[in-house]
Amino acid sequence: MSLPSERDVLDAHYMARALELARKGLYSTHPNPRVGCVIVRDGQVVGEGWHVRTGEPHAEVHALRQAGELARGACAYVTLEPCSHHGRTPPCAEALVKAGVARVVAAMQDPNPQVAGQGLKRLADVGIEVASGVLEAEARALNPGFLKRMEHGLPFVRVKLAMSLDGRTAMASGESQWITGPAARSAVQRLRARSSVVLTSAQSVLADNARMTVRADELGLDADSTALAMARPPLRVLIDGRLRLPLTAPFFLAGPVLVVTAAAPVAQYAQAGHDLLSLPGTDGHVDLPALLRELARRGASEVLVEAGPGLAGAFAQQGLVDEYQLFIAAKFLGSSARPLLDWPLARMSEAQALNITDMRAVGDDWRVTAIPVPAPGV
């Protein structure tokens, strides 16, 4: 195996910095992807930028403004192919052409059908050297929801679960506050803040009197990141098949909600400032795949499911989970406590295999990131 060239090493170095910049938009770019850009001339960084929020300049524009005339003849490193179409902002490919850059390196092509290679083609057509695929895996990991929405018309679904060491989520009475400690709860707040949608069930809200909001004082972020996160709260989605939760509940009083039901629409929800969506499925339950398609159509890239064993189990059984976020407390709740998932399995061959991609201590608890492994032949 040949060693990487000096150019390859430099490309990876500057792209790593572009990815670092892109991560600054983790909580604010929805529904756009998180993108960073670095402009280098004669071995010196002359411009940096990242996309802050939708409707505002993209990463390339911020970097070009900082570089000024030094962008001419420079190399631009961008974590996603520069856009080639007119949206809320002009195409970044044209801005790079106008600035006179000599080379553009993209971590990956944009799966958006409106771009899909056309941005790089536009650059190449005017004689700009282009390259793609530098730190692509890292770039894809930064925008899993945007990629899935563009490639499959569905959002990326995370299921967050908090449990005891013996796999229980609440006492038999329903008491569940608090299984995990402050550090784990802060991590959950950050999961909410990065999501397009926080989705829960009427059963969970009724049990915990929950609001499912992002709480600034628990985010554990710096002031700038906190301000960005709080300026773009996720859409809260309530699955309430029989419309049991009263409109006077704190959950509704905390702000606008999308209520998804299997029942017929009721006018009172709209009158109270909430959106009601009827998606009847089988046995009086909400059609979850149809819900995910609708959320993607509305621009949702990342959906965080925070619910009890019933709804979480339904997502698991229907193969709708992309990632589990498991928070494990060092305690036992006992055999009469409630299970993690309502998912009855009869044989070992039915067991869901998981690929654990990360495991780390979070305060006194543990956080496990796990990806479902598709069954053979799927």
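The following paragraphs describe the internal cavity, the salt bridges, the backbone features and a nonpolar surface patch of a predicted model.

The structure contains one cavity of 30 Å³ or more, and the volume of the largest cavity is about 120 Å³. Seventeen residues are involved in its lining, and those closest to the centre of the largest cavity are His30, Asn32, Arg34, Ser301 and Glu302. By residue class, the lining of the largest cavity comprises five nonpolar, eight polar and four charged residues. Two of the residues named as closest to the centre, Arg34 and Glu302, also belong to a network of salt bridges that links them with Arg158, Arg194 and Glu323. Another of these central residues, His30, is joined to Pro31 by a cis peptide bond, for which omega is about 0 degrees. Pro31 itself is located in the loop that runs between helix H1 (6–22) and strand S1 (36–41).

Across the model, the count of salt bridges comes to 22. One of them is formed by the side chains of Glu129 and Arg7, with an N to O distance of 2.7 Å. This pair connects distant parts of the chain, since Glu129 belongs to strand S5 and Arg7 to helix H1, with their positions 122 residues apart in the numbering. Glu129 is classed as partly exposed because its relative accessibility is 36%, and Arg7 is likewise classed as partly exposed because its value is 43%.

A further salt bridge brings together the side chains of Glu294 and Arg298, with an N to O distance of 2.7 Å. The two partners fall into separate accessibility classes under the cut-offs, by which a residue is buried under 20% relative accessible area, exposed over 50% and partly exposed in between. Glu294, with a relative accessible area of 15%, is therefore buried, whereas Arg298, with a relative accessible area of 38%, is partly exposed. In the salt bridge between Asp358 and Arg360, the closest N and O atoms are 2.8 Å apart. Here Asp358 counts as partly exposed because its relative accessibility is 25%, and Arg360 is also partly exposed, given a relative accessible area of 47%.

Positive phi values outside glycine were examined next. Leu135, which is not a glycine, has a positive phi of about 55 degrees, and this residue is placed in the loop between strand S5 (129–132) and helix H5 (136–142). With a relative accessible area of 24%, Leu135 is partly exposed. Asn209 also has a positive phi, near 55 degrees, in a residue other than glycine, and its position is in the loop between helix H8 (202–208) and helix H9 (223–231). The relative accessibility of Asn209 is 46%, so Asn209 counts as partly exposed.

On the surface, Ile356, Met359 and Trp366 make up a nonpolar patch of about 330 Å². Ile356 is part of strand S15, which spans residues 354–362. Ile356 has a relative accessibility of 48% and therefore counts as partly exposed, a value that also satisfies the requirement of over 30% relative accessible area for residues that make patches.

Notes:
Residues are numbered from 1 along each chain as its sequence is written. This is a predicted model: local features need pLDDT of at least 70, side-chain atom pairs count only at pLDDT 80 or more; totals for chains, interfaces and linings use all residues. Side-chain values use heavy atoms; hydrogens and water are left out. On a 1 Å grid over the protein atoms alone, a cavity is a set of points where a 1.4 Å probe fits but cannot get out, and a pocket is an open set with protein on both sides within 12 Å along at least five of seven lines; lining residues have an atom within 4 Å of a point. Grid points are joined across faces, edges and corners, and a volume is the space filled by probe spheres set on the points. Ala, Val, Leu, Ile, Met, Phe, Trp, Tyr, Cys and Pro count as nonpolar, Asp, Glu, Lys and Arg as charged, and the others, Gly among them, as polar. Patches are made of residues with over 30% relative accessible area and no salt bridge: like charges are joined within 9 Å, nonpolar side chains (Val, Leu, Ile, Met, Phe, Trp, Tyr) within 5 Å. Accessible areas come from the Shrake-Rupley method with a 1.4 Å probe; for residues, only the protein chains shown count as cover. A salt bridge is a side-chain nitrogen of Lys or Arg within 4 Å of a carboxyl oxygen of Asp or Glu. Helices (H or I, at least four residues) and strands (E, at least two) are DSSP runs, numbered from the N terminus. Buried means under 20% relative accessible area, exposed over 50%, partly exposed in between (1.4 Å probe, protein chains only).
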